[in-house]
Amino acid sequence: MCGIIGRAGDGDALASLLTGLKNLEYRGYDSAGVAVRNRDGIDVCKREGETDVLDAAVAERNLTGDSGIGHTRWSTHGAPSDANAHPHTDEDGRVAVVHNGIIRNYESLRRELREDGHRFTSETDSEVVPHLVARELDAGATPEAAFRTAVDRLEGSYALAMVVEDDDAIYATRHGSPLVLGVGDDGNYLASDVPAFLEFTDRVIYLEEDDLAVLDEEGYRLTTRGGETVERAVETVDWTAGDAQKGVYTHFMRKEIDEQPASLRQTLEGRSEGPEAVLEGFPPGSLSEVSDVVFVACGTSYHAAMYGSTLLRRRGIPATAMRANEFAHDPMPVSDRTLVIAVTQSGETADTLASLRVANGSPARTLAVTNVVGSSAAREANDAMFIRAGPEIGVAATKTFSSQVASLALLADRLYADGAGIGADAGVRMPATSMAEGSSTTDGGTEAGTIRSLPEDVETVVNDGGASRLAKQYADADSYFFIGRGVGYPVALEGALKFKEITYEHAEGFAAGELKHGPLALVTPSTVIVAVFTGRDDERTLHNVREAQTRGAPIIGVGPESATEIREAVDEYLPFPDTDPELAGILANVHLQLLAYHAAEIRDRAIDKPRNLAKSVTVE
Ligand code: F6R
């Protein structure tokens, strides 16, 4: 959600800034702009539209620059337009600023600045910053002092970078929005996210909240907001530039779907070799005090969290998943034995961080399950578990969902092995259910070793061409309903989210048993029902399928290879290798990712950059 880039050092900065913006486009693609410092002072070039439009404008103007800042925007305040694009400047163009986040008190600041004679040219909250800085410069402050004073006036969340005329430094700070520093051999970088500068350096400093960075030709300097010098560790990331590039693929989404066997291998490496899950940072017994688990997450990560909570409940551990944007304002009661798990790929989702902060202020213990080392969630939670999926650039989350669920399955096994839960002594029992034969109410874990075959099984699904054929066959449907039960339910929700997000078609996910409680009224022969089967309690889902079938709806089943009865009952079938029902949802989901992908391809949608969306939603 809005991407910031900055570069100071030897040579021309412009090419690196434009590359950085292209690499950051997944964070926003409404407009893009750069401000570079050169012989003429500060030159700003910004355009509505994707970075290609900016590239053309920069080329036309023969722009050059020794250092500079850039921005790619996802609009919050003010529609996409040249005027609302960043960088923003003061009236004289002496100060140029890029901003990611939301300045909550911008209206009162604008009023105050207007009374002082400042005139604004955009509708954005961000434009107040260069004006605040300019006012301080006019009063005789140095650029650094002016920046500090201006930032002290801001309320809300922000990552900011600034250049000032006749000064060769870039000034930057963060508060509630991410900013990382890249340490290169011939220049240093600032960016919202590591992939922005991965082809220039893999050495990074994750700035702490309220750090202030000054970058110039000589190097970089870090201080606290109060001005005290601070040292921050330089870390080497294990992502490569190739990981964050499309290569031979047309879309990142397809590349990331295909990467799942490899990303799952990374997720599982060293963690699932023996009979018990081995999790770094969580030795046996370290989770024995946990009585109950509350997950907080958004979007796809919420679906992974739902999946995880089902796995825990099946192990007799009370667990629930809440949407982070709800928990933050209406939290679940917790105790000092509650584990609150924030599931977030980016580790920067504002809603999830808000929930994490609420939990951190409670007696509960907190854990971030995330893909990004050094992310805010990883740093703010009491503990972190990394899903190790590698960088995900496509806005639609794919490989990270699989790695999140696999990580949560391992965590569920660890919690169970540690004896987490309230326990029979306290009178807590799994209620008896009337499940189909072959299912048990309390599972001690996924069948030993099955998780190790997950990458190979996913590979089989990735290589199956079925979804592509069905996407074409059912391209004219009015609606697409996804249904499932148990772990198949979050997968149905995820299948529908992916489908609507990139095809813009009407798609909904339901608990299979819920169809008859209302949604069935919408089912016609033009409603495609995609039913997820996992090998557990499938008989019931088949009943629900028949309820829709009687209304003429075509049925696509997604289920285990050997499920002949289901295969015969449905119109089309996308099979996956037989596996433990607890893991079957991951395999089914890969078929659903492919179905959405091909359906979007047929419709010629902007698959990696769906309209109105951006990755890493850093505003609440
Ligand atoms: C959908 C998608 C989003 C994210 C959600 C949370 O494909 O990617 O729904 O899952 O915005 O993001 P993270 O996991 O970064 O917290």
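Which helix holds G495? G495 lies in helix α15. The model examined here is predicted. In this model G495 is buried, because its relative accessible area is 2% and the cut-off for burial is under 20%. T300 is 195 residues away from G495 along the chain. In space, the C-alpha atoms of G495 and T300 are separated by 9.5 Å.

Helix α15 and T300 both recur at the largest pocket. This pocket encloses about 630 Å³ of space. Its lining is made up of 33 residues. Those closest to the pocket centre are C298, G299, T300, A614 and V617. Several elements give two or more residues to this lining: α8 (299-314), α9 (324-327), β17 (338-344), α10 (350-360), α12 (399-417) and α15 (488-503). Of these, α15 gives the most, with four residues. By residue class, the pocket lining holds 13 nonpolar, 13 polar and seven charged residues.

The domain division places this pocket in a wider setting. The protein is divided into domain 1 (3-244), domain 2 (252-452) and domain 3 (460-602). Domain 2 and domain 3 each supply at least three residues to the lining of the largest pocket. Between domain 1 and domain 3, the C-alpha centres lie 45 Å apart.

Enclosed spaces were also examined. The structure contains four cavities of 30 Å³ or more. The largest cavity has a volume of about 140 Å³. It is lined by 17 residues, and P178, S192, D193, E348 and V372 are the closest to its centre. The lining of this cavity comprises seven nonpolar, five polar and five charged residues. Where does the largest cavity lie with respect to domain 1 and domain 2? Both domain 1 (3-244) and domain 2 (252-452) give residues to its lining, so the cavity lies between them.

Attention now turns to an open sheet. This sheet has eight strands, in the order β3-β2-β4-β1-β10-β9-β11-β14, and its pairing is antiparallel. Strands β3 (41-48) and β14 (235-236) stand at the edges. Each has a single partner strand, so one side of each is left without a neighbour in the sheet.

Within the same order, β1 stands between β4 and β10. Strand β1 covers residues 3-9 and is mostly covered, with seven of its seven residues buried. Its residues point in two directions. G3, I5, R7 and G9 point one way, while I4, G6 and A8 point the other way. Both sets are buried.

The two neighbours of β1 can be taken in turn. Strand β4 (residues 67-73) is joined to β1 by five bridges, and the two run antiparallel. Here R7 has G68 of β4 as its bridge partner. Strand β10 (residues 187-191) also pairs with β1 over five bridges, again in the antiparallel sense. On this side, A8 stands opposite N188 in β10.

Individual side chains add detail. D43 is found in strand β3, one of the edge strands of the sheet. Is D43 buried or exposed? D43 counts as buried, because its relative accessibility is 18% and the cut-off is under 20%. The side chain of D43 is joined to that of R61 by a polar contact of 2.6 Å.

N84 gives a case outside the strands. This residue lies in the loop between β4 and β5 (88-89). At 1% relative accessibility, N84 also counts as buried. What lies 2.8 Å from a polar atom of the side chain of N84? The backbone oxygen of A79 lies at that distance.

Conventions:
Residues are numbered from 1 along each chain as its sequence is written. This is a predicted model: local features need pLDDT of at least 70, side-chain atom pairs count only at pLDDT 80 or more; totals for chains, interfaces and linings use all residues. Side-chain values use heavy atoms; hydrogens and water are left out. On a 1 Å grid over the protein atoms alone, a cavity is a set of points where a 1.4 Å probe fits but cannot get out, and a pocket is an open set with protein on both sides within 12 Å along at least five of seven lines; lining residues have an atom within 4 Å of a point. Grid points are joined across faces, edges and corners, and a volume is the space filled by probe spheres set on the points. Ala, Val, Leu, Ile, Met, Phe, Trp, Tyr, Cys and Pro count as nonpolar, Asp, Glu, Lys and Arg as charged, and the others, Gly among them, as polar. Domain bounds come from an automatic or database domain assignment. Buried means under 20% relative accessible area, exposed over 50%, partly exposed in between (1.4 Å probe, protein chains only). Two strands pair if DSSP finds at least two bridges between them. A polar contact is a pair of N or O atoms within 3.5 Å; within protein, one must be able to donate a hydrogen and the other to accept it, and residues adjacent in sequence count only if both atoms are side-chain atoms.
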